[in-house]
Amino acid sequence: KDKKGFLWIGSDDGLYRFDGQNFKTFRHDPANKFSLLSDNISSIFTEQDGTFWIADGIKGISQFDPFKQQFHPWRNTNFTEIDIANENITNIFQDGKGRIWMVIFGRGIALLNKKDSSLKLFSFNKNPAIAPKWESTAYLYDIREDKNHVFWIGSHDGLIQFNPETNFFHVFRDTTHGKENNSRHAAINNVFIGDDGVIWTG
């Protein structure tokens, strides 16, 4: 929901804006360079300053101009290191210090440097090239920040604790009764931090 009260809904059939009574649909149009990159919307995020980000599945990411109703493809300047235009962004997150992070499926999380539009990638898997596809901390889902500005990230292979200031991270897994070897118990899809600081996962 944006500051104007519009509810935005991403789907595999385009982007929908709901004003409380009617829906407006946005879809990819090959003849319009200002349309969505694709109809498969994986994440929607509005920054505190109003910058509107739309992640278009494996097609990359774009910024939306709500006044002109236009989508502008965005590409990081250091694309030879990591090219966001060819990545699958599953989540966009703004931390307590106003920094923008992008969760890149199969890679890790990337920090946006707004001064030069570059990205810095942080990976929590030592060797993603040979890791079993669905038993890897390279595949991230939900991300939350606690009162100490430490990130808690749900992955397919446990809960990751990450300090963005020191780059320290630790992976927590359910080790009871051999559950650490069972992906059904290792995968963390959702993370919630209560007002009392207790971390809940599911």
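The accessible surface of the protein chain, in this predicted model, comes to about 11,400 Å², and 50% of that area belongs to carbon and sulfur atoms. Turning from the surface to the inside, buried residues account for 41% of the 202 residues in the chain, where buried is taken as under 20% relative accessible area.

As for overall dimensions, the C-alpha atoms occupy a box of roughly 55 × 40 × 30 Å when this is taken along the principal axes. The secondary structure of the chain consists of 1 helix and 17 strands. With that content, the radius of gyration is 18 Å, close to the 17 Å that the globule rule gives for 202 residues, so the chain is as compact as a globular protein of that length. On the side of contacts, if we take those between residues at least 6 apart in sequence, 40% of them join residues at least 24 apart.

Let me now go through two of the sheets, beginning at the N-terminal end. Here we have an open sheet of 3 strands, in the order β1-β2-β3 and with antiparallel pairing. Its edge strands are β1, covering residues 7-11, and β3, covering residues 23-26, each of which pairs on one side only. On average, and with direction ignored, neighbouring strands of this sheet are turned by 20 degrees against each other. Looking at one pairing in detail, strand β2, which spans residues 14-18, is joined to β3 by 4 bridges, and the two strands run antiparallel. Within this part of the model, Phe 18 stands opposite Phe 23, the latter being in β3.

The second sheet for today is again open and antiparallel in its pairing, with 4 strands in the order β12-β13-β14-β15. Which strands form its edges? They are β12, residues 140-145, and β15, residues 169-172, each pairing on one side only. For this sheet, too, the average turn between neighbouring strands is 20 degrees, with direction ignored.

If you follow the edge strand β12 to its neighbour, you will find 4 bridges joining β12 to β13, the strand of residues 151-155, and these strands run antiparallel. And which residue in β13 is the bridge partner of Arg 144? That partner is Trp 152.

To bring the pieces together, we have a predicted chain of 1 helix and 17 strands, in which I have described an open sheet of 3 strands and an open sheet of 4 strands, both with antiparallel pairing.

Notes: Residues are numbered from 1 along each chain as its sequence is written. This is a predicted model: local features need pLDDT of at least 70, side-chain atom pairs count only at pLDDT 80 or more; totals for chains, interfaces and linings use all residues. Side-chain values use heavy atoms; hydrogens and water are left out. Two strands pair if DSSP finds at least two bridges between them. Axes are lines fitted to C-alpha atoms, for helices over the stretch in contact, and angles run from 0 to 180 degrees between N-to-C directions. The radius of gyration is taken over C-alpha atoms; the globule rule is 2.2 Å times the number of residues to the power 0.38. Buried means under 20% relative accessible area, exposed over 50%, partly exposed in between (1.4 Å probe, protein chains only). Contact means heavy atoms within 4.5 Å. Accessible areas come from the Shrake-Rupley method with a 1.4 Å probe; for residues, only the protein chains shown count as cover.
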